[in-house]
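Colleague: I've got a model open and I'd like to learn how to read it feature by feature. Could you walk me through it?

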Amino acid sequence: MSNPVYTGPQKLVLCIDVGTTQTGCSIIRYDPGMAPTIRVINHYPGDPTSSKIATRMFYDKNGTPRAYGSEVFNEVIVAQAEEDGWELAAFWKLHLHPEGFKPPEYTASETLPDDFELVGSNTKFDISPLPKNVPLSQIYRDWFEWLVKAAQKFYEDTNADGKVLWEKLSGKMEFVVAHPNGYGLAEQTVLRKALEYASLIKANDGVGEKRLRFVTEAECSVYFGLEHSPHDWIKIGSQLAVVDLGGSTVDITVYSVDQVKPKLVLPGGIYVTQAGRKLIQAKLRNSRFLEDLDTIVSEFDIKTKCNFESEEQASIIKFGLARDNDSAVNISRGRLTLTGSEVEEAFSSCLEGIIEALDDQLAGTINILTVGGFSESPYLQNKLRATYAGRGMNFVHADEPAIKAVAEGAALFHINESVVARVARFAYGTEINLPVSRCQDLEGRETYEGIDGVSKVRGVWDEIIGKARKDHFCPTIEVLTPQTHDRARDTVYGSTSDSAMDQSRSFMLNKNGFLLDGFKPICTLRATLKNICKPAHNETTGKDYYVAWYKICIEFGGTSLQAHVEWDEDVSTSSLYYD
């Protein structure tokens with residue numbers, strides 16, 4: 001995948017992938033007349049050799065971050081944290097996941113979109129609580145601030161003109177933030193507000209919004225896979241399944257020429273770690289080495305989980321000194337031995353969930369691209385290949401380490417953006433009041449007489465763009481107002497209801513005035529109508545009033561959504577944008 005020659009102004013773009021357990025970043029440099037260059041950040045403060053950094057921070061009692069990334073594993077910092085009562089922020093991404101995207105014992109206000117399916121959600125997992133008096137928005141703000149500082153140090157240290165360019169371009173730097181398939185506008189808003197809170201972009205100025213792009217991790221993985229794997233397995237008209245084996249989830253997305261079918265699967269890699277923790281805890285319950293549980297589980301997560309290949313292979317976890325022995329639990333010379341069947345048990349529920357999802361989602365001949373840090377597990381790769389051998393499914397793994405797939409893929413997305421036509425995941429529309437003569441099924445619905453003398457009914461659905469549609473249009477809204485200074489206030493709604501789309505003038509409110517199932521508010525638009533109001537007169541009542549016409553338009557920017565109000569004023573068209 002060659003990068004095109006760039007013809008715009010010089011700029012830098014920082015691409016960020018905040019994972020549940022690890023975070024990765026890349027920097028794109030755009031120079032006029034040259035192909036853009038991508039640098040994956042491969043050293044961070046506290047970890048000078050890795051292209052990923054642990055998604056962790058220590059907070060003190062005042063809610064101030066004191067250590068970041070790999071620094072939280074430093075023995076001196078750990079001792080200080082214990083002495084001063086610091087709290088660890090870890091796995092905070094799980095707190096942002098929509099409700100259906102979390103383990104069942106976790107609750108939140110948002111729900112998973114209806115066009116996503118979830119499997120494996122019966123797996124129990126303990127989500128780490130956030131530090132006291134530190135909200136999720138602050139954690140993301142602090143993390144983004146630190147990542148930008150780390151990116152600055154990396155860029156200035158590894159480029160001859162890095163310091164000069166950073167000072168020149170960082171004030172207008174653009175951002176690409178990757179997120180899971182299941183995230184919607186609510187989750188994107190949290191991420192956007194965190195960047196604003198960190199003063200990295202400005203709010204509501206029309207410029208800061210354009211400096212931020214969102215992209216799904218699955219799409220990043222596609223770009224990464226195409227860049228770092230042979231292309232001869234991709235055929236016109238064939239299907240490509242991207243299986244992102246990540247830390248907290250496994251995302252399965254099937255791409256074809258004309259459709260995308262996403263599926264979210266719980267659990268991901270951290271669920272194997274959790275299962276391993278419970279197994280080891282039970283094994284050591286009567287041993288004095290139970291106090292070393294955290295150290296042993298850390299080694300299990302970093303080494304055992306990644307290197308395990310089969311049930312015939314025993315795993316040795318080094319955690320102590322040569323004098324540390326307990327034959328009753330297979331500890332010898334500071335080493336705990338787990339049988340292959342014990343380690344396999346830790347993988348079992350996760351593997352079952354992945355296979356269940358693949359069986360349900362995939363049929364026929366298909367290419368399956370595996371990415372994500374968990375995809376490096378040889379046991380997982382071997383089991384998937386053995387399970388689907390002979391079914392016509394071809395597993396493909398990128399040549400480069402999958403650990404940096406999203407960070408680099410986000411950069412490739414920004415450069416290429418070859419997915420130029422996007423389909424709407426929901427139907428989008430707004431509520432209007434309509435003359436009763438143009439409506440059906442009015443039984444039990446309250447009508448009223450408008451100031452124009454026409455009998456009308458409230459709660460009618462006016463579709464702006466249909467579900468799974470690529471094209472869109474801007475319907476004209478008519479507003480009748482007794483005064484010219486009135487402001488228009490319209491809420492854009494999303495709908496996953498197919499039945500409501502069967503007719504162009506169906507209802508979105510029930511007979512009691514409440515939203516029907518399948519509809520939810522997305523955003524609210526406001527505009528002053530003073531300059532576009534036209535005078536009118538009701539002959540029956542003798543009263544004067546005003547009429548205004550304007551349009552509500554929807555457009556897609558990357559994977560995010562923008563809505564705006566548009567009207568004609570003095571023969572020209574004016575627009576007021578809202579995100």
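Colleague: Let's begin with strand pairing. How many bridges join β1 to β2, and do they run parallel or antiparallel?

Modeller: One caveat before anything else: this is a predicted model. As for the general idea, strands of a sheet pair through backbone hydrogen bonds, in either a parallel or an antiparallel sense. Here, β1 and β2 run antiparallel and are joined by eight bridges. If you want a register to check, look for Leu-12, which stands opposite Arg-29 in β2. The connection is a hairpin, with three residues taking the chain from β1 to β2.

Colleague: Which other strands does β2 pair with?

Modeller: One is β3 (residues 37-40), antiparallel to β2 over four bridges. Arg-29 turns up again there, opposite Thr-37 in β3. β2 and β3 also form a hairpin, with six residues between them. In that turn, Gly-33 has a positive phi of about 80°. Another partner is β4 (residues 53-54), where two bridges hold an antiparallel pairing with β2. Gln-22 has Ala-54 in β4 as its bridge partner.

Colleague: Is β2 largely enclosed or left open by the rest of the structure, and why?

Modeller: Count its buried residues, taking buried as under 20% relative accessible area. For β2 that gives eight of nine, so the strand is largely enclosed by the rest of the structure. Helices can be read in the same way. In α6 (residues 217-227), ten of the eleven residues are buried, among them Glu-217, Glu-219, Tyr-223 and Phe-224. For the protein chain as a whole, 51% of the 579 residues count as buried.

Colleague: On to the cores. Which residues touch the most other members of the largest nonpolar core?

Modeller: Leu-14 and Phe-144, in a core of 43 residues. Then ask which elements contribute. At least two residues each come from several, including β1 (11-18), β2 (22-30), α4 (162-169) and α5 (185-197). α3 gives the largest share, twelve residues. To see the packing around one side chain, centre your view on Phe-144: leaving out residues up to four places away in sequence, it touches Ile-16, Val-18, Leu-191, Ala-194, Leu-195 and Leu-200. There's also a second, separate core of 38 residues, which includes Phe-289, Leu-293, Ala-346 and Tyr-379.

Colleague: How many cavities of 30 Å³ or more are there?

Modeller: The count comes to one. Its volume is about 50 Å³. To place it, look at the lining: Val-18, Lys-93, Tyr-140, Val-177, Ala-178, His-179, Tyr-183 and Leu-191. β9 supplies the largest share of that lining, three residues. Two of the lining residues, Val-18 and Leu-191, also appear in the contact list of Phe-144.

Colleague: Now for sheet order. What is the order of the strands in the five-strand sheet?

Modeller: An open sheet can be read from one edge to the other. This one goes β20-β21-β19-β23-β24, with antiparallel pairing. The edge strands, β20 (447-449) and β24 (519-528), each pair on one side only. Neighbouring strands are turned by 45° against each other on average, ignoring direction. At the β20 edge, three bridges join that strand to β21 (residues 455-465), with Tyr-448 opposite Lys-456.

Colleague: And in the three-strand sheet, which strands stand at the edges?

Modeller: That sheet is open too, with the order β14-β16-β15 and antiparallel pairing. β14 (315-318) and β15 (331-332) are at the edges, each with a single partner strand, so one side of each has no neighbour in the sheet. Two bridges pair β15 with β16 (residues 335-338), and Ile-331 stands opposite Leu-336. Helix α7 (residues 269-283) packs on this sheet, touching β14 and β16, and its direction makes about 110° with that of β16. Helix α8 (residues 293-307) lies across β14 and β16 as well, running at about 130° to β14.

Colleague: To finish, how many helices and strands does the protein chain come to?

Modeller: Eleven helices and 28 strands. One last number on how the chain connects: among contacts between residues at least 6 apart in sequence, 67% join residues at least 24 apart.

Terms used:
Residues are numbered from 1 along each chain as its sequence is written. This is a predicted model: local features need pLDDT of at least 70, side-chain atom pairs count only at pLDDT 80 or more; totals for chains, interfaces and linings use all residues. Side-chain values use heavy atoms; hydrogens and water are left out. Two strands pair if DSSP finds at least two bridges between them. Axes are lines fitted to C-alpha atoms, for helices over the stretch in contact, and angles run from 0 to 180 degrees between N-to-C directions. A nonpolar core is a set of buried Ala, Val, Leu, Ile, Met, Phe, Trp, Tyr and Cys residues joined through side-chain atoms within 4.5 Å. Buried means under 20% relative accessible area, exposed over 50%, partly exposed in between (1.4 Å probe, protein chains only). Contact means heavy atoms within 4.5 Å. On a 1 Å grid over the protein atoms alone, a cavity is a set of points where a 1.4 Å probe fits but cannot get out, and a pocket is an open set with protein on both sides within 12 Å along at least five of seven lines; lining residues have an atom within 4 Å of a point. Grid points are joined across faces, edges and corners, and a volume is the space filled by probe spheres set on the points.
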